[in-house]
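New to this one? Take a look at the sequence and the model first, then come back for a quick tour.

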Amino acid sequence: MLARATQLKDEFVAYRRDFHQHPELGFEEVRTSGIVAEYLESLGIEVTRMANTAVVGLLRGAKPGRTVALRADMDALSIPQQNDVPYKSVNPGKMHACGHDGHTAILMGVAKLLSEVKDELAGNVKFFFQPAEEGPGGALPMIKAGAMENPHVDGVIGMHVGVNLPTGQIGLKAGPSHAGTDSITITLEGKGGHGAHPHSSVDTIVAAGHLIVALQTIVSREIDPLGSAVVTVGTINGGYRNNVIAHQVVLTGTVRTLDPEVRASMPERIERIIKGVCDTFRCKYNFVYDKGYPSVMNDPVMADLAEATAQRLLGAENVVRTANPSMGGEDFSYFAEKAPGIFLRLGAGNPAKDCVYPGHHPYFNFDEDAIPIGMAVMAEAALDFLKQ
Ligand SMILES: [Zn+2]
Ligand SMILES: [Zn+2]
């Protein structure tokens with residue numbers, strides 16, 4: 001597969017550059033999904049459109065067997081592109097700064113590779129081209145629309161480019177690999193007044209100051225130090241001018257966790273501290289905890305399978321078991337809740353090509369030499385899964 005993918009490289013680099021030049025935001029991937037659907041149909045793959053702009057391809061093997069789903073995301077970010085490449089974004093304010101253009105091209109390449117061997121396939125391969133990974137999330141609407149059924153998906157494989165690994169390497173991790181990503185909004189209500197007369201007011205600025213500090217004790221004093229959590233207050237808004245006591249302060253933040261039990265405990269921990277601070281400083285509050293993506297839980301058996309595949313293709317020295325998960329989020333997690341899953345990191349860092357900036361950076365780019373590697377690893381991992 002690696003030899004064949006290398007032969008096909010130019011075709012899929014061209015697709016990647018075309019997507020890069022025409023980035024589309026979540027649930028607006030009309031052009032991208034149209035190209036994907038047309039391409040899959042040209043390979044004789046059954047295509048279903050769902051969840052606005054999602055595309056699901058189904059390649060039925062000649063022999064019966066299990067079904068594996070391979071997933072790519074297609075959406076771009078609302079970031080104005082700063083780096084100069086010949087295929088720079090023509091859509092103002094939009095950029096493929098997370099490599100989803102590459103994921104889409106790679107999965108199209110995998111569809112090509114596997115459709116060439118479908119006579120030998122025992123089982124089915126589904127190709128998930130997902131919208132809106134960057135938010136509000138396309139995986140869950142796809143599952144609700146039936147992507148994991150007919151035929152039922154027995155295992156799911158996803159992949160993300162990363163410039164923190166050099167081209168030629170694959171990274172993977174059993175267990176949690178990405179954090180659950182929740183958001184909080186806290187509104188403190190007090191009583192406004194003249195800055196010179198604090199005794200006849202209820203100052204929400206002072207309460208907010210104590211609250212922000214007290215919230216830090218959830219991670220430092222309540223969560224097991226060997227576990228992981230993040231409580232970040234990202235915005236604080238309140239007040240009018242220097243000599244006015246603010247009657248209201250609104251804080252927003254993000255809560256990241258790896259362990260589902262820790263995640264489930266966070267609303268109570270946060271609200272207990274808000275309530276305590278508000279009791280102390282005579283405020284009222286409103287607290288909203290919005291659940292985002294759950295943490296990605298990689299299945300140990302799927303991790304072993306993908307590791308063996310990657311080692312065979314790239315050599316054991318080029319397959320890295322990453323020790324630490326990322327506290328970033330990924331809605332691949334929803335697919336991995338429904339079937340055993342593995343989310344792979346595809347090394348695509350290359351300082352010689354300036355592919356060093358992290359995802360979501362306006363100079364982000366990844367090494368296109370990783371495209372045939374990603375194609376081959378995904379295709380062979382799918383074949384290995386179906387042979388089990
Ligand atoms: Zn991203
Ligand atoms: Zn991404």
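What makes the arrangement of the four donor atoms around the zinc ion (ligand 1) irregular? It comes down to angles: the donors subtend 52 to 150 degrees, which makes the arrangement irregular. Keep in mind that this is a predicted model. Beyond the zinc ions, there are some aromatic rings to look at.

**Zinc ion (ligand 1)**
- Cys98 (SG), Glu134 (OE, listed twice) and His360 (NE2) coordinate this ion, at 2.0 to 2.7 Å.
- Along the chain, these donors follow the spacing C-x35-E-x225-H.
- Cysteine 98 and glutamate 134 link distant parts of the chain, being 36 residues apart. Cysteine 98 sits in the loop between β3 (63-73) and α4 (100-115), while glutamate 134 is in the loop between β4 (122-130) and α5 (139-144).
- Cysteine 98 is buried because its relative accessible area of 11% falls under 20%. Glutamate 134 is partly exposed, with a value of 26%.

**Zinc ion (ligand 2)**
- Here the coordinating atoms come from Cys98 (SG), His100 (NE2) and His160 (NE2), at 2.1 to 2.4 Å.
- The spacing of these donors along the chain is C-x1-H-x59-H.
- Histidine 100 belongs to helix α4 and histidine 160 to strand β5 (residues 155-166), so this pair, 60 residues apart, also links distant parts of the chain.
- Both histidine 100 and histidine 160 are buried.
- The two zinc ions are 3.2 Å apart, with cysteine 98 coordinating both.

**Helix α4**
- Most of α4 is covered, with 15 of its 16 residues buried.
- At 1.5 Å a residue, α4 should span 22 Å, and its end C-alpha atoms are indeed 22 Å apart.

**Aromatic rings**
- The model has nine aromatic pairs.
- One of them joins phenylalanine 12 and tyrosine 39 edge-to-face, at 6.0 Å centre to centre and with 85 degrees between the planes.
- That pair connects helix α2 (residues 9-21), home of phenylalanine 12, with helix α3 (residues 30-42), home of tyrosine 39. Both residues are buried.
- Phenylalanine 287 and tyrosine 289 also pair edge-to-face, at 6.3 Å and 70 degrees. Phenylalanine 287 is buried at 14% relative accessible area, and tyrosine 289 counts as buried at 17%.
- Phe12, Tyr15, Phe19 and Tyr39 make up one aromatic cluster.
- Arginine 66 lies over the face of phenylalanine 385, 4.0 Å from the ring centre.

Notes: Residues numbered from 1 in each chain as written. Chains lettered and ligands numbered in written order. Predicted model: local features only at pLDDT ≥ 70, side-chain atom pairs only at ≥ 80, totals over all residues. Heavy atoms only, no water. Donors = N, O, S within 2.8 Å, 3.2 Å for Na, K, Ca; no water. Tetrahedral: all angles 85-135°; square planar, octahedral: opposite > 155°, others 65-115°. Helix = DSSP H or I, 4+ residues; strand = E, 2+ residues; numbered from the N terminus. Buried < 20%, exposed > 50% of the residue type's maximum accessible area, 1.4 Å probe, protein only. Expected span 1.5 Å × (residues − 1). Phe/Tyr/Trp six-rings, centres within 6.5 Å; stacked < 30°, edge-to-face > 60°. Lys NZ or Arg CZ within 6 Å of the ring centre and 35° of its normal.
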